[in-house]
Amino acid sequence: MAVSLTRDGEIAHLIIDNPPVNATSHAVRAGLMQALAQANSDETVSAIVLSCAGRTFVAGADVKEFGQPPQQPFLPDVVSAIEASSKPIVAAIHGTALGGGLELALACHGRVASADAELGLPEVKLGIVPGAGGTQRLPRLIGVPLAMDLVSSGRRMDTAEAEACGLIDVVAEGDLISAAMALASSLVGCEPRQTSSLAMPAFDEGEAQKQFAAVEKKARGQQSPAAAARLVLQAAQLSFAEGLAAERVCFLELVQSDQSKALRHVFAAERVAAKVPGLEEVKPRAVQTVGVVGAGLMGAGIAVAFLHAGYTVRVVERDETSMKAGRVRIEGLFTRLVKSGRISEVDRAEQLGRLSTFADRSALAPCDLVIEAVFDDLAVKTELFAELSTIVRPDAILATNTSYLDPDEIAAVVTNPERFLGLHFFSPANIMRLVEVVRTAQVAPVVLATGLAVVKRLGKLGVISGVCEGFIGNRLFTAYRRECDFMLEDGVLPHEIDAALENYGFAMGPYAVNDMAGLDISWARRKRNAATRDPSKRYVTIADRLCEAGRFGQKSGKGYYAYPDGRRMVDPEVTAIIEQSSRDAGIDRRPFEAADIVSRVLDGIVSEGRKILDEGIALRASDIDLVLINGYGYPAWRGGPMVQAGIQ
Ligand code: 3HC
């Protein structure tokens, strides 16, 4: 039974039980209609509580039903029936109330949530808009500006914020169902308060239009955020029935769109990435104390990510001065997070309270997991891991964050190498979602499973990669950059390539990214590798020439672009360097259309992606799509280069 009906005195209790996340599949919708009718027709029932069994309240419509012929009753009908109930209905929310789940709750006449619940309308992340009244009821309850923010970002709200804005009525201090029963009892005899009948709270129309314009700009070609925000604005202009009809039309149109299909591919891909053949039955080890070696930009970001996720973190630097500088760097990251409103002062203090910094590696002895983020040099890393092997427990997990070195060469110095793996974070590590979990030759299944579990607890996306130069991400990026550099020499300029790719939907073009990250580190690597370079392969010298001219990117005030007043501008000096480089290579420069630029880049990525798959470095094509989306700014709403090329 997907929905059951029990009794507690005069209160009927409707329980949805549809594992894993109580999605509103057909059986749930039909069951709810039936149980509701039964409770409403029973004269001995005076109020109703709606709750869920298992780990969560309803997490949304059933995405597996999208694309299939719709079956009645539809979710908007169920939601309307709840709101129209003559007896008050109270939602008892635990876990997450998302999408259609929150829409069910919005139609109830009261909402109680447990203290750790989360609520949101994440439909835009699936390329759609809420389809069961969410865009129309939410602004009536919490106001247009906040509703627009929630529906267009898809972000989740915690219970404290939900209570403060009036989205929920009560935070359950003890037992959730008892609290919901108490609220339901208090509503008996009152006219049920219908969210759809509430007067729209006053708001500043001009500010709302500005907010809408910002949503549209940020979406960079994705349709659903602006569509959802527009529906919220319409809620203030149309009657409830008209707004609901507009929402339905928009939902049905978007659910058929290529963007939604692409984003559903991404949703499924993320769930599949966590499923690794051979690890199905493996239980990850408990990890609580984490060591980070090196508190440069990367190490500091990694430490912050672990502190956010509740770990105890011990950071080690090589001497007192570097240790103090490292602590300042970590505290600086927290200061920025507080300033931008991402975390509160209280959270900052609590999280920093779990941080200790040391100038002595022996302080890592109590760690369950140690990650190094020191200079990317084999001798430096092997010296470090040989010593770490003697400091930590024999079963403590050791991880390298190397980007380009061979982790199996590092593993050679580790005692018990089966506890050694790669955890390759992307910079800035406290922000970027992707972590490549690198499967070293001897790694034990439990260590790999623990690596994935830790990454998940960080709120990040772990993708398994085999060992090769650059792993999945940097190897693809090298192919991507190679095509761009060839085109620079063949006839285009950096701003044309960046514009073509940004218009395609990339967060930033490769040359703007390069200027931000700095040109000097890869220049140093190219110089180190010069002796072993294959002379038969085409080599573009433009990046080297820029560095020789002192153009190291934004940090030196100039790179592929000039930055007067901090704004990125085309620089004639760069154009001259590029044109000279083409002449020296004997190339007659020719123009490229934006579409040609994009297809040449994507072809380069896909052809490298095929090799990565053939070599078994990536487990599946969708993992490659996830790496590009989460590590390199590829637009999620296009699904990924592999799926676009028909490789699944
Ligand atoms: N429909 C069907 N299955 C779903 C689902 C959904 N909406 N949400 C999650 N699942 C499945 C997953 O595919 C996974 O299945 P698997 O075990 O076979 O791989 C299982 O539930 C567990 O999911 P996660 O691995 O993601 O578990 P987590 O505990 O990490 O996260 C969650 C749970 C926060 C609920 C997360 O799954 C989530 O964010 N789900 C999507 C929520 C969402 O987008 N809801 C809106 C749907 S659209 C909608 O409601 C339209 C409406 O307005 C008409």
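Helices and strands here are DSSP runs, helices being H or I over at least four residues and strands E over at least two, numbered from the N terminus. I keep that beside me for everything below.

**Ground rules.** I'm looking at a predicted model, where local features need pLDDT of at least 70, side-chain atom pairs count only at pLDDT 80 or more, and totals for chains, interfaces and linings use all residues. Residue numbers start from 1 along each chain as its sequence is written.

**Domains.** I looked up the split first and got domain 1 (3-256), domain 2 (289-465) and domain 3 (473-616). These bounds come from an automatic or database domain assignment. Over C-alpha atoms, I find the centres of domain 1 and domain 2 separated by 40 Å.

**UniProt spans.** An unreviewed UniProt entry annotates residues 289-464 as "domain: 3-hydroxyacyl-CoA dehydrogenase NAD binding". I get 41% helix and 21% strand for 289-464, with the end C-alpha atoms 23 Å apart. UniProt also puts "domain: 3-hydroxyacyl-CoA dehydrogenase C-terminal" (unreviewed entry) at residues 470-563. For 470-563 I get 60% helix and 0% strand, and the end C-alpha atoms lie 30 Å apart. The positions follow the numbering used here, the feature names are shortened, and such annotations may be inferred rather than shown by experiment.

**Ligand shell.** I listed 24 residues around the ligand, counting a residue if its C-beta atom, placed from the backbone, lies within 6 Å. The ones that come nearest are A59, G60, G99, G100 and G131. Both β5 (96-98) and α3 (100-107) supply at least two residues of the shell. By class I see 12 nonpolar, seven polar and five charged residues. Here Ala, Val, Leu, Ile, Met, Phe, Trp, Tyr, Cys and Pro are nonpolar, Asp, Glu, Lys and Arg are charged, and the others, Gly among them, are polar.

**α9 against α10.** Helix α9 (residues 224-235) packs on helix α10 (residues 240-255) at about 170°, axes 9 Å apart. Axes are lines fitted to C-alpha atoms, for helices over the stretch in contact, and angles between N-to-C directions run from 0 to 180 degrees. So I call α9 and α10 roughly antiparallel (angles over 145 degrees count as that). With contact meaning C-beta atoms, placed from the backbone, within 7 Å, S224, A227, L231, Q234 and A235 in α9 meet G243, A246, E247, C250 and L254 in α10. The residues of this contact divide into six nonpolar, three polar and one charged.

**Backbone oddities.** I found a cis peptide bond from Q72 to P73, omega near -5°; P73 sits in the loop between β3 (47-52) and α2 (75-83). The bond from S427 to P428 is cis too, omega near -5°, with P428 in the loop between β15 (420-425) and β16 (434-438). N416 is not a glycine, yet has a positive phi of about 55°; N416 lies in the loop between α16 (407-411) and β15.

Terms used
Parallel < 35°, antiparallel > 145°, perpendicular 65-115°, else oblique. Contact = placed C-beta atoms within 7 Å.
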